[in-house]
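Take a walk through this protein model, from the whole chain down to its empty spaces. Keep the structure open as you read.

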Amino acid sequence: MYQEYFYEIENIIKKNLEKRHMEKITLFGELEKSARELFSSDRVLIITGFLIKGTKKGETDGPIGAVSLAAALKELRKDVLIVTDIYSEPLIYAACKARGIDVGVEIISYGEEELFCNDLLKWYNPSHIVGIERPGKSKNGKYYSMRGEDLTDEIPNGDIIFENAKKNNITTICIGDGGNEIGMGKVYDLVKQYVPKGELICAAFQADYLITAGVSNWGAHGLVSALAILSGENLLYDEDMEKNILQSIIKVGGIDGCSKKNTLTVDGLSLKENTDIINELRKIIQLAFEKNKKFAFVE
């Protein structure tokens, strides 16, 4: 049940992948599996935030999706915690305020990662960990931008959370759009083959479930859409809220990851291009609701 809708969602969120040479790196079915995992979750840790080289600021892609997913999970009565770094901290708080949610936020600091990550998993004890547009270490142990810029000396090592999760049988779900995000090791050979500098930049860690999207925010919105269909609750906000959240993180210094500019864009795409995705996803949710004539269908 619902496969046709999940397939449509995956087709919507894969738009723009060709501009990143990632169009052949779509794992159909991973969205549904991820949504079903989160639907049955208890406590979810979401980690996001990608530093833009030379700016000391986080990018607009990631925090929006993290807050969108966090709000949906809270509506489903899940415990949620967001983890980020100092570069994206103000973006997360601004996005939470604009979305109107109260969610815990923890900051991972450079040089203190191992103690922080170990303590975090012990006291929070998540059932699932979700990475959304979070840099992942390449096979040579360094962090890279899609341009191949070395970010290792600035980005806190968040891989430790995922590596410890794997050791403790905690489910990992990751969303990325370029190959250098945590979790992309699952498609390493494809990133190496198709993405410029793919062998250098591809993240080594292999997520249990991996969602690729033209913009990572879209991947998170797609996951929220799938959760909405599973739950019978309209969990995905509208285009006005997307605009409000993007405006709020721009005001506190958010940077477009492609242009490296503080503009009302995400990955070089206009506000309208982003809100169009929201509207398309909301149509799929509505179609699913109308066809089933009532909201709660979970196999």
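The paragraphs below cover confidence, overall fold, one helix residue, the pocket and the cavity.

Start with confidence, since this is a predicted model. The average pLDDT of the chain is 95. A score of at least 70 is reached by 98% of the residues. The weak spot is residues 295-299, where pLDDT stays under 50. The model still gives that stretch 15 contacts beyond four places in sequence. Where pLDDT is low, predicted coordinates should not be read in detail.

Now the overall build. The chain holds 11 helices and 8 strands. Its radius of gyration is 17 Å, close to the 19 Å from the globule rule for 299 residues, so the chain is as compact as a globular protein of that length. Along the principal axes, the C-alpha atoms fill a box of roughly 55 × 40 × 40 Å. Of the 299 residues, 60% are buried. Contacts reach far along the sequence, too. Among those with a separation of 6 or more, 75% join residues 24 or more positions apart.

Zoom in on a single residue, Asn164. It sits in helix 6, which spans residues 159-167. Is Asn164 buried or exposed? Its relative accessibility is 13%, and the cut-off for buried is under 20%, so Asn164 counts as buried. Leaving out residues up to four places away in sequence, Asn164 touches Asn118 and Leu121.

Next, look for empty space. Rolling a probe the size of a water molecule over the atoms shows where such space is left. The largest pocket has a volume of about 370 Å³. It is lined by 23 residues, and the closest to its centre are Arg20, Met146, Arg147, Gly257 and Cys258. What is the chemical make-up of this lining? It divides into 10 charged, 8 nonpolar and 5 polar residues.

Finally, turn to the enclosed space. There is 1 cavity of 30 Å³ or more. This largest cavity holds about 60 Å³ of space. Its lining consists of Glu10, Ile13, Thr26, Leu27, Glu30, Leu31, Leu210, Ile211 and Thr212. Three elements give two or more residues each: helix 1 (3-13), helix 2 (30-39) and strand 8 (209-212). Which element gives the most to the lining of the largest cavity? Strand 8 does, with 3 residues. By type, the cavity lining has 5 nonpolar, 2 polar and 2 charged residues.

Conventions. Residues numbered from 1 in each chain as written. Predicted model: local features only at pLDDT ≥ 70, side-chain atom pairs only at ≥ 80, totals over all residues. Heavy atoms only, no water. pLDDT = per-residue confidence, 0-100. Contact = heavy atoms within 4.5 Å. 1 Å grid on protein atoms, 1.4 Å probe; cavity = no way out; pocket = protein on both sides within 12 Å on 5 of 7 lines; lining within 4 Å. Points joined across faces, edges and corners; volume = space filled by probe spheres on them. Nonpolar A, V, L, I, M, F, W, Y, C, P; charged D, E, K, R; others polar. Helix = DSSP H or I, 4+ residues; strand = E, 2+ residues; numbered from the N terminus. Rg over C-alpha atoms; globule rule 2.2 N^0.38 Å. Buried < 20%, exposed > 50% of the residue type's maximum accessible area, 1.4 Å probe, protein only.
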